[in-house]
Structure formats: structure tokens, C-alpha cells
Amino acid sequence: MPLFGNTFSPKKTPPRKSASLSNLHSLDRSTREVELGLDYGTPTMNLAGQSLKFENGQWIADSGACGGGDRREAQRLRKRNQQLEEENNLLRLKVDILLDMLSETTAESHLMEKELDELKSISRRRK
């Protein structure tokens with residue numbers, strides 16, 4: 001038994017067989033697809049009665065009997081959403097303008113109070 005030597009010596013693995021035992025490599029592509037089911041088609045799913053399929057990286061609603069109504073509803077909601085966003089932007093602008101007007105009026109009021117206090121102090125000195 002060596003003191004500092006390597007005692008671990010794994011067994012050698014047997015060489016692999018070179019030829020495949022399967023005859024699938026000899027079949028043409030269309031036969032392999034039929035035999036092995038490699039033609040999956042587009043992924044589809046059904047959510048709440050709505051059929052969707054995955055095309056070009058996006059889920060698209062299958063055109064069906066109720067597909068047109070859903071599309072019209074989605075278009076109406078998009079239009080309403082756009083109107084509400086525009087109204088919201090207008091209201092924000094109005095609030096900003098009102099805040100500017102309020103701060104200007106407050107500043108003017110403080111200046112007038114200061115002038116009034118100065119005039120009162122001057123009139124008291126004269127008396």
C-alpha cells in the first residue's frame with residue numbers, strides 16, 4: 001500500500017457499438033414524421049370558451065363564430081381606453097395650471113401683506 005501514491009484506478013469502459021440497431025435512419029423524412037408523430041402542428045388551447053393558437057410568437061384567437069364579436073369588443077375597449085387616457089392627460093394639465101395659478105396668487109398675497117405691514121410700521125413711526 002503506497003503512502004503518497006494514487007490508489008484510485010477506474011475500470012475502462014467498453015467501446016460503443018458504431019452502428020445503430022434502429023432502422024429509422026433509413027426512412028425518409030415524411031415517413032419518419034408519420035411514424036413518430038414529428039409533425040405537431042401549431043399549439044392550441046381553449047380558455048373560457050375562446051380557442052387560441054400560437055403563431056409567430058404570439059397567441060392569436062381562432063376565427064370562429066364568436067371571434068368577430070370579441071374583436072369588435074376589444075376594438076371598442078381600446079378606443080374607450082384611448083379616450084380616457086386623453087381625458088386624464090387633459091385633467092392633469094388643468095391641475096398643473098391651477099396649481100401654478102394658486103402659487104402665483106399666494107406669492108402676490110404674501111408680497112401685499114409684507115407691503116401692508118411695512119406701510120403700517122411707517123405710519124406708526126410718524127405718529
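Start by selecting Leu98, which sits in helix α2, the stretch covering residues 67-126. The model on screen is a predicted one.

Is Leu98 buried or exposed? Leu98 counts as exposed because its relative accessibility is 55%, and the cut-off for exposed is over 50%.

Next, keep Leu98 selected and add Leu90, Leu93, Ile97 and Met101. These five residues form a nonpolar patch on the surface. Together they have about 480 Å² of accessible area.

Now select residues 74-101. The UniProt record, an unreviewed entry, annotates these residues as "coiled-coil region". What does the chain look like over residues 74-101? In the model this stretch is 100% helix and 0% strand. Pick the C-alpha atoms at its two ends: they are 41 Å apart.

Then clear the selection and colour the whole protein by secondary structure. Two helices and three strands should appear. Following the sequence from its start, the order is α-β-β-β-α. Helix α2, where the tour began, spans residues 67-126.

Switch to a surface view of the whole protein. The accessible surface comes to about 12,600 Å². Carbon and sulfur atoms account for 56% of that surface. How much of the protein is buried? Of the 127 residues, 2% are buried, where buried stands for under 20% relative accessible area.

Last, look at contacts along the chain. Among contacts in the protein with a separation of 6 or more, residues 24 or more positions apart account for 0%.

Conventions: Residues numbered from 1 in each chain as written. Predicted model: local features only at pLDDT ≥ 70, side-chain atom pairs only at ≥ 80, totals over all residues. Heavy atoms only, no water. Helix = DSSP H or I, 4+ residues; strand = E, 2+ residues; numbered from the N terminus. Buried < 20%, exposed > 50% of the residue type's maximum accessible area, 1.4 Å probe, protein only. Contact = heavy atoms within 4.5 Å. Areas by Shrake-Rupley, 256 points an atom, 1.4 Å probe, with all protein chains shown as cover. Patch = residues over 30% accessible without salt bridge, like charges linked within 9 Å, V, L, I, M, F, W, Y side chains within 5 Å. Salt bridge = Lys/Arg side-chain N within 4 Å of Asp/Glu carboxyl O. UniProt positions renumbered as here; feature names shortened; annotations may be inferred.
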